[in-house]
Amino acid sequence: MSVAVIRFPGTLDHESAARAVAGAGLEPCYAWHADDALPVGTEAVVIPGGFSYGDHLRSGAIASRAPIMESILELAEQEAPVLGICNGFQILCESGLLPGALRPNASLSFICRQAELEVADDTTPWTGGVDAGAVLSIPIKHHDGAWVGDPGAGRVVLRYRGENPNGSVDAVAGIANAAGNVMGLMPHPEEACDALLGSTDGRALFSALAGAV
Amino acid sequence: MSIDAAAPLHRLLGLTDDENDLIHELLGREPADAELMMFSLMWSEHCSYKHSRNLLSAFPTDGDAVLQGPGENAGVIDVGNGWAVAFKVESHNHPSAVEPFEGAATGVGGIVRDILAMGARPIALLDSLRFGELSSRRSRHLFTRAVEGIGHYGNCIGVPTVGGEVSFDDRYEESCLVNAMCVGLVRHDGMLTAAAAGPGNALVLIGNRTGRDGIGGASVLASAELDDDEDKRPSVQVSDPFTERKLMDCCLELAEDDAFVALQDLGAAGLTSAAGEMASSGGVGLEIALDRIPLRETGMTAPEILVSESQERMLAVIEPPRVAEVIERCRRWDLDATEIGVVTREPRLLVRFDGETVVDLPAALLTDQAPRYDVPQNAPPERMALAYDELPPVPGDLVAAWRELLGRPNVADKRWIWEQYDHLVGANTVRRPAAADAAVVRLPTGAGLAVSLDGAERHCEADARGGGMAVVCEAARNLAATGARPLAITDCLNFANPEKGETGWQLREVIAGMSEALDAFEIPVVSGNVSLYNESATRRIYPTPIVGMVGLIDDVARTVPLALGPEGHALALIGYGEPRLDGSEYLGDDAGLPPRPEPMQDAALCRSLVDAAADGLLAGAHDISGGGLATTLAESAIAAGHGARVTLVGGPRPDVALFGEGGGRVLVSATDAHLDLLAERLPEDIVLTRIGVCGGDELSIDLGDRGVSLDLAEAHAAYAGGLTEAMGA
């Protein structure tokens, strides 16, 4: 089961994302932003975090128009799983695959800290058997992480529990499209897959990917 | 700096009359303007270390683990299984004082390219910062913007900022310090050199276009005192971390495919320094066509192109058959790559521009023939330890004093800083900032690499030799407290003007003290940097050597946190020496004479801690430094989320036991049985003193005739809010 991890210039988390994908028993492969097609046999896509195109213009704006995005849009239409993490979430919103947009944090500062996330909807394929109301501990690290939009336009999967670190509407930390196959989140599950690093709660999302493929 | 238009060019460029005469003598002719400009930069303190090189030779630089000592872009040490780490710390003090955001950001960018030039993948960043008191609006501005600059750059290039340190003192009000350290990972057989080789090989410039930014930075900013910042604003470089990231990805790909004969970053003095060092260290010449260099601005002159400090550029030597492939690979990363010259057999730098030869001189003149100066050695009056009647009275309310100390910016929680830094990217950060005495990142071998960055400037002011020892010993204890065996250091020597007063003597004494401690630990200096002239008309900084130490934890799962062990665990002090208030954070100045460390005892203490950690005996360990035992205990308790009950032998002054500093002492928590084991193994001169037990909602310390008790929630509030309150946020 092949999962394409997309690399744009300025993508930073592709290696940790690929590691997390492999950890869930899937086969990661890299796809390059300038390519016209995803690698043959791609069944799912992960768009990892970073600063694609240096956040020039607007986070995710330029990447959302990169050549590789057309094949991702096609795959998403076929209801294949597409996961966007942090900058990947920003790219998915910019590309129209997900509702809303990400604006700068309420503090106007970059924030890197562990966050508690409440599973808001366990009927999407993204929570891997974790029940609604369960709490996941996953780090956030972003400058433009305040999701703004109509939560009813998609399916809110994860909400910040306790303090809302960035001022997002309805405390949205992660949201899926109406069909449920495309999901974006600001927290970094790929950095919460190893007890040595403090949390393994991020594995749920990658297991979900394995279950969905 | 006032510009006297009538002064001769060499003086405007910062060269002395004697140096100008020497240049004439070495060349046997009048230098061309471009040549004189190159000399002025390469012979500046920043590039040539002309006032410090004679003293630096005292450092030990050899060791079994050393794969590359001083002389390349960074030092490299073996970390096992064919892997090595390259690391270096460098200052960007003066640019940060002029424009803190860009100054700090480009400081990070520069040190990252030094690591990249070794063929290493950057895996960790740390920063050491010094600013004036936060009651000063100017210092708040410099501090806030420097932190933003570091975050902006580090976050965008995807290298985790895993640690560092900061303190505030009026001595840095007009000369702030921004030192950045980078650590990179490289296979032994993947190490690169900056030495150009192979006449006929091509010289390829990769990365950003060249503009007028940073012109004269190396000589104007880093080698003279700052008097009037306004004049120097255009000299500060502008950062472009996005290009840096592409440069990293691209160069590492090319290095992986053995595309480089040599690689060098363009830092201070730009192309001049890069070309001069590549040619001179390779014993070859370089012929450069300036017309080929892609420019960002029109009308640039040859000297401007030669000394531009435009960031995010690397200079590579490539074999001719691979040039097209290298340029193609760079294009794939949207990077400019241009063949700008060729390696020649005769060891000369030959630079052509617009049909004319603008530079034609032996490269070694720029690098090896720079003058060296001995600096005046004026010892300050010897200090005496503070006598009992010289100390301020013991506070009536020791708990209030404790709370106040916890909230001081120098002691308080630095979360406001490190939450602005991505300290996790790469998913290898085993110990996050403030979770252990050193940052710990996972290596591919399964070992942990521990890194700490430390200073001891008040101690250095009071006793330069003792302070030099103290900074090395503290760095080592910080590593050992996590379970890491120290391997090597990099250092940045931040000092005032060495040509005046006692600075030259302090520099020599600090180096002597550091060297003595390094010998005790049997570890070398493998890279470093010197930043002099950190003084203004009203203030001279403390002698501030910053030591970046790296060490190994064989099994990364055995890393020891600084938090107290679970409730019921026993608490003990391990180490040697007695605390004093001289030079302490509690007294808040450098008065008196702090106790001089005993490096051999510190080395023994560190070995004991490393062994204990490897055997899983320690639940928590925290070095006792600024703020003394009471502060250290509070930090460990806050991290653990529960308190402790402690009994100390009180002296005539309870504040000495609570807040005194000195000696080598580490607070550890462990089960009783493990403490017994540990006590049995300790060498004679290292003492283990049981002082209490972990648990409860309070920090209570019994001093015999009196006791102090602080609610943990109150301690936490004071500690958590101290920094942001001082900033008025």
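**Where two chains meet**

Let's start with one pair of residues: Asp194(A) and Arg442(B) join their side chains in a salt bridge, with N and O 2.5 Å apart. You are looking at a predicted model, so treat this pair as a feature of that model. Why might two such side chains pair up? Side chains of opposite charge can pair when their charged atoms come close.

This pair has company. Between chain A and chain B there are 4 salt bridges. Another salt bridge links Arg113(A) to Glu419(B), and here the closest N and O atoms are 2.8 Å apart. Try tracing this pair across the two chains: Arg113(A) sits in strand E6 of chain A, while Glu419(B) lies in the loop between helix H16 (415-418) and strand E14 (429-431) of chain B. If you count over all chains, the structure has 58 salt bridges.

Now step back to the whole contact. How many residues does each chain bring to it? Chain A gives 28 residues and chain B gives 28 residues. Together the two chains bury about 2,400 Å² between them, and 55% of that area is on carbon and sulfur atoms. Three residues of chain A deserve a look here: Cys112(A), Leu196(A) and Leu197(A) provide 25% of the area that chain A buries against chain B, more than any other three residues.

Polar contacts also join the chains, with 8 residue pairs counted between chain A and chain B, both residues being at pLDDT 80 or more. On the side of chain A that touches chain B, helix H1 (14-23), strand E6 (111-119) and strand E7 (135-142) each supply at least two residues. That side of chain A is a mixture of 11 nonpolar, 8 polar and 9 charged residues.

Finally, let's look for enclosed spaces. A search of the whole structure turns up 3 cavities of 30 Å³ or more. The largest cavity has a volume of about 140 Å³. Its lining has 17 residues, and those closest to the centre are Gly50(A), Phe51(A), Cys86(A), Phe110(A) and Lys141(A). Sorted by class, the lining of the largest cavity holds 4 nonpolar, 8 polar and 5 charged residues.

The second largest cavity holds about 40 Å³ of space. Which residues line the second largest cavity? From chain A come Glu191(A) and Leu197(A), and from chain B come Leu424(B), Ala427(B), Asn428(B), Thr429(B) and Arg432(B). This lining divides into 3 nonpolar, 2 polar and 2 charged residues. You have met Leu197(A) already, among the three residues named for the area that chain A buries against chain B.

Terms used. Residues are numbered from 1 along each chain as its sequence is written. Chains are lettered from A and ligands numbered from 1 in the order in which they are written. This is a predicted model: local features need pLDDT of at least 70, side-chain atom pairs count only at pLDDT 80 or more; totals for chains, interfaces and linings use all residues. Side-chain values use heavy atoms; hydrogens and water are left out. On a 1 Å grid over the protein atoms alone, a cavity is a set of points where a 1.4 Å probe fits but cannot get out, and a pocket is an open set with protein on both sides within 12 Å along at least five of seven lines; lining residues have an atom within 4 Å of a point. Grid points are joined across faces, edges and corners, and a volume is the space filled by probe spheres set on the points. Ala, Val, Leu, Ile, Met, Phe, Trp, Tyr, Cys and Pro count as nonpolar, Asp, Glu, Lys and Arg as charged, and the others, Gly among them, as polar. Contact means heavy atoms within 4.5 Å. Buried area is the accessible area (1.4 Å probe) that two parts lose on being put together, summed over both. A polar contact is a pair of N or O atoms within 3.5 Å; within protein, one must be able to donate a hydrogen and the other to accept it, and residues adjacent in sequence count only if both atoms are side-chain atoms. Helices (H or I, at least four residues) and strands (E, at least two) are DSSP runs, numbered from the N terminus.
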